[in-house]
Amino acid sequence: MMDPVRTRGGVTFFDRMLAPVHRWIWRDDQRRVQKLLCFGETETDGGRDILRASEVTSDPLLRRLYLEHAIDEFRHGVLFRRRAAALLSTFPSCSNPGFQGDWLAPGGHGLDDLQVDGESDHSMLAFLHLSEKAAASRFSVYRDVMHHDLPTRAIFEEILHDETFHMNYTLTQLARVAPHHHHRHLWSARLSRLWKGYLRLATGLAGMIGSIMLTVQYFILLPLFAWLAKRAERREIPGWTRVSPEHNQSLDRQY
Ligand SMILES: [Fe+2]
Ligand SMILES: [Fe+2]
């Protein structure tokens, strides 16, 4: 089935459009290390979930494929972490990596959204297929924008090969376990991913707007209150002051 957002080279139009943003994000060494560590974590977590999927499925072929898939994801996690460690060892000192753009350019997989228990084989395969497809698309762009760091580029190239295999086997298996309804399962999984993508974008935008509002309050409202407090302080009579008799009754109640 042709994906409406897919264009050339297996890369979605959206990812291709964001290539300059990805280039900018990955250009910074500190940011690159943070992204690689984050990807390593996502891949390992995804591998753990797929390992769980291999335990809960009753289909022997899927169990074997999930197991191989999980091993691949664990290996991807190790590759990302090792590369991050190698880059980190070349830095004189750590500093704040700043903007990561995770909500705009999230980790390669969508596997962090995976809920294994209670999923049927077909819904799991549909979810995995779309996640792997998204990963293949993003890793393809990351590889293309990584000309300044050839070892990292080689890692994306290697992982991309696995993700393409994962993308293909999940679709083949989905057509096997749900021969008449696999298109419907794919659309259902696609809508679910779209909703989660919207929530991620909305959360990111809300965080950014919140930061702007708090900064504006800090630099505009707080100085105003500080000025009013200082003005009130100047009007205060220094030292002890006599309390008027009507305000100086005996304390027979709490307030
Ligand atoms: Fe992976
Ligand atoms: Fe994968």
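**Close-up views of an all-helix model**

Among contacts between residues at least 6 apart in sequence, 77% join residues at least 24 apart. Please keep in mind that this is a predicted model.

**Figure 1. The whole protein, seven helices and zero strands.** Starting from the N terminus, the elements run α-α-α-α-α-α-α. The protein has 255 residues, and buried residues make up 38% of them. About 15,700 Å² is exposed, with carbon and sulfur atoms supplying 62% of that area. If you enjoy hunting for charged pairs, a search of the whole structure finds 13 salt bridges. Some of them appear in the next views.

**Figure 2. A salt bridge between Arg16 and Asp144.** Side chains of opposite charge can pair when their charged atoms come close. For Arg16 and Asp144, the closest N and O atoms are 4.0 Å apart. This pair links distant parts of the chain: Arg16 belongs to helix 1 (residues 13-17) and Asp144 to helix 5 (residues 121-144), with their positions 128 residues apart in the numbering. Arg16 is partly exposed, at a relative accessible area of 28%. Asp144 is partly exposed as well, with 24% relative accessibility.

**Figure 3. The network of salt bridges around Asp144.** Stay with Asp144 for a moment and look for Arg143, which also forms a salt bridge with Asp144. Here the closest N and O atoms are 3.1 Å apart. Is Arg143 buried or exposed? Arg143 counts as buried because its relative accessible area is 16%, and buried means under 20%. Arg16, Arg143, Asp144 and Glu157 are linked in a network of salt bridges.

**Figure 4. A salt bridge within helix 3, from Asp29 to Arg32.** The closest N and O atoms of Asp29 and Arg32 are 2.8 Å apart. Both residues lie in helix 3 (residues 29-56), and they sit three residues apart, which is about one turn of the helix. The two partners differ in their cover: Asp29 is partly exposed at 37% relative accessibility, whereas Arg32 is buried at 4%.

**Figure 5. Arg83 and the residues it touches.** Arg83 is part of helix 4 (residues 60-88). How does this arginine count by its accessibility? Arg83 is buried, with a relative accessibility of 14%. Leaving aside residues up to four places away in sequence, Arg83 touches Leu36, Asp149, Pro151, Thr152 and Ile155. Try displaying these side chains together with Arg83 to follow the contacts.

**Figure 6. Leu186 and Phe127.** Leu186 is in helix 7 and is buried, its relative accessible area being 2%. Which residue lies 59 residues from Leu186 along the chain, with 7.5 Å between the C-alpha atoms? That partner is Phe127.

**Figure 7. A patch of positive charge on the surface.** Four residues gather here: Lys230, Arg231, Arg234 and Arg235. Arg231 is a good place to begin looking. Arg231 has its place in helix 7 (residues 182-235). With a relative accessible area of 32%, Arg231 is partly exposed. Arg231 therefore passes the patch cut-off, which asks for over 30% relative accessible area.

Key: Residues numbered from 1 in each chain as written. Chains lettered and ligands numbered in written order. Predicted model: local features only at pLDDT ≥ 70, side-chain atom pairs only at ≥ 80, totals over all residues. Heavy atoms only, no water. Patch = residues over 30% accessible without salt bridge, like charges linked within 9 Å, V, L, I, M, F, W, Y side chains within 5 Å. Areas by Shrake-Rupley, 256 points an atom, 1.4 Å probe, with all protein chains shown as cover. Salt bridge = Lys/Arg side-chain N within 4 Å of Asp/Glu carboxyl O. Lys, Arg positive; Asp, Glu negative; His and termini not counted. Charge placed at Lys NZ, Arg CZ, Asp CG, Glu CD. Helix = DSSP H or I, 4+ residues; strand = E, 2+ residues; numbered from the N terminus. Buried < 20%, exposed > 50% of the residue type's maximum accessible area, 1.4 Å probe, protein only. Contact = heavy atoms within 4.5 Å.
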